[in-house]
Amino acid sequence: MDIKAPRGTKDLLPPESTLWKEIERSVDETARLFGFEEIRTPLFESVALFKRSVGEATDIVSKEMYLLTDKGGEEMALRPELTASVVRAAIEHNLLSQQGSLSKLYYNAAPMFRYERPQKGRLRQFHQFGVELLGSPHPLADFQVIAFAYALYRNLGFVNFELRLNTLGSKDVRALWRSALVDYLSKYLSELSDESKRRLETNPIRVLDSKNQRDQEIVADAPTILDYLSDDDRQHFETVQTLLTDSGILYRIDPTLVRGLDYYNRTVFELSSSDLGSQDALCGGGRYDELVEQLGGPSTPAVGFAAGVERLVIVLEKLRGEAPKQCIDVYIVLAEKSATKSLIAVAATIKGAGFSAAYDLLDRSVKAQMREADRLGAKFVVMIGADELAEGVVTLKNMSDGSQERIAPYLLASKLQTS
Ligand code: AMP
């Protein structure tokens, strides 16, 4: 067949799918420990949602969205990120209607779509988990969101990762800084890369993000937001830092960290890993205190992050080697072909006790069935032959030491549990 998966997408196959399950369980468990509840939203949304939240001038909205017009003539986009959808859902379902109410939501392995140039760790359909904490202006909320991400990577065994932190101040301050930045960068207009020239027009703060070397040299002396912060912004930022320091979370302040989406204010952060190549960002997030109101909801401060599953997998595979193949607990070898009734009963007993069981579906010889047990990494083999049937027992073989014994089928469960 000459039809392949679309460029920038990936089929998830075993054994990698086992690793994904583990990651998903880890995210669920961390969410439980931190008191976040899961939200799932549609894969597509009205285009207007992303234009109004992520920002028309951002790369994501201006260049990377998968757009479709449905048969009713509505303009839709496959979601490129989830914060906008979560906020839309929170407004639509009145999750924020009561004063002082908090919504602590998370999503897990959720597919996102961006028309990007595919490379290692950068796909067109990729998957994110993340959290959105809606309703708290307190630095403790920023801290909790960062601590969530940190705990997750730590628990998965990550060591080579770095947390970078910055603040984008509040709206008025950012406007002042932005115009100082434009004045400064305009002096170097002829030396800036084409991409940065374009950004200077459309979204000047993003010039700080440039990977171009000359751009970076110019940016190094640019006015930083840190010189423009109000007392409140500064106090907020310092409190976040104190909370992180007090809990042993290492970070580096990076005044060039601005993030690619328009809705952020105050704290922004990114976790990156030196075990990744040029696409080294594991996760990124920050505060977005104005977004809920901007999308028509009640004024609601908020903070969150989004993290890429594929990049997490790349690092985990590097740390652990390729994901181990899933092993079966018990392989049942049927030597007496007519005894399918016993076979099914024994399999049900084993599964009922919480152990996985497999048996031959190809009418193979006993020898071939034993080979299959080996291939599946079975910890035990249960043999049902004519002798066993005559005596009302089965033979249980421990594959790690080769020992075997005959036992009554009803004792199988307890035997497996104590082995
Ligand atoms: P962003 O929404 O751009 O802040 O991305 C958050 C995280 O999602 C990044 O740190 C990456 O780990 C991951 N990510 C973003 N874009 C892609 C992509 N095209 N392919 C794979 N992972 C991505």
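**Figure 1. Strand 6 and strand 11 pair in the antiparallel sense, joined over seven bridges.** Welcome to the first close-up of this predicted model. Strand 6 covers residues 125-134 and strand 11 covers residues 302-308. To find your bearings in this pairing, start at Gln-128, whose bridge partner in strand 11 is Gly-308. Keep Gln-128 in mind, since its side chain returns in the ligand view: an N or O atom there is 2.9 Å from an oxygen atom of the ligand.

**Figure 2. Strand 10 is another antiparallel partner of strand 11, with five bridges between them.** Strand 10 runs over residues 281-287. A handy landmark here is Gly-286, which has Gly-304 of strand 11 as its bridge partner.

**Figure 3. Strand 11 is covered on both of its faces.** In a regular strand, side chains alternate between the two faces of the sheet. On one side of strand 11 you will find Ala-302, Gly-304, Ala-306 and Gly-308, all buried. The other side holds Val-303, Phe-305 and Ala-307, and these are buried as well. Because seven of its seven residues are buried, strand 11 is largely enclosed by the rest of the structure.

**Figure 4. The ligand sits in a shell of 15 residues.** The closest are Arg-114, Glu-116, Leu-123, Arg-259 and Leu-282. By character, the shell divides into seven nonpolar, three polar and five charged residues. Our strands from the earlier views reappear here: strand 6, strand 10 and strand 11 each supply at least two residues of the shell.

**Figure 5. Polar atoms of Glu-116, Leu-123 and Gln-128 meet the ligand.** Look for the polar side-chain atom of Glu-116 that lies 2.5 Å from a nitrogen atom of the ligand. Leu-123 takes part through its backbone, where a polar atom is 2.8 Å from a ligand nitrogen. Gln-128 uses its side chain, with an N or O atom 2.9 Å from an oxygen atom of the ligand. On its own the ligand has 490 Å² of accessible area, and the protein covers 91% of that.

**Figure 6. Stepping back, the protein chain contains 15 helices and 16 strands.** The chain has a radius of gyration of 28 Å, well over the 22 Å that the globule rule gives for 419 residues, so it is more spread out than a compact globule. Its C-alpha trace spans about 90 × 50 × 45 Å along the principal axes. Of the 419 residues, 50% are buried.

Note on methods:
Residues numbered from 1 in each chain as written. Predicted model: local features only at pLDDT ≥ 70, side-chain atom pairs only at ≥ 80, totals over all residues. Heavy atoms only, no water. Near = heavy atom within 4 Å. Polar contact = N/O pair within 3.5 Å; in protein donor to acceptor, adjacent residues only side chain to side chain. Areas by Shrake-Rupley, 256 points an atom, 1.4 Å probe, with all protein chains shown as cover. Helix = DSSP H or I, 4+ residues; strand = E, 2+ residues; numbered from the N terminus. Nonpolar A, V, L, I, M, F, W, Y, C, P; charged D, E, K, R; others polar. Buried < 20%, exposed > 50% of the residue type's maximum accessible area, 1.4 Å probe, protein only. Pairing = 2+ DSSP bridges. Rg over C-alpha atoms; globule rule 2.2 N^0.38 Å.
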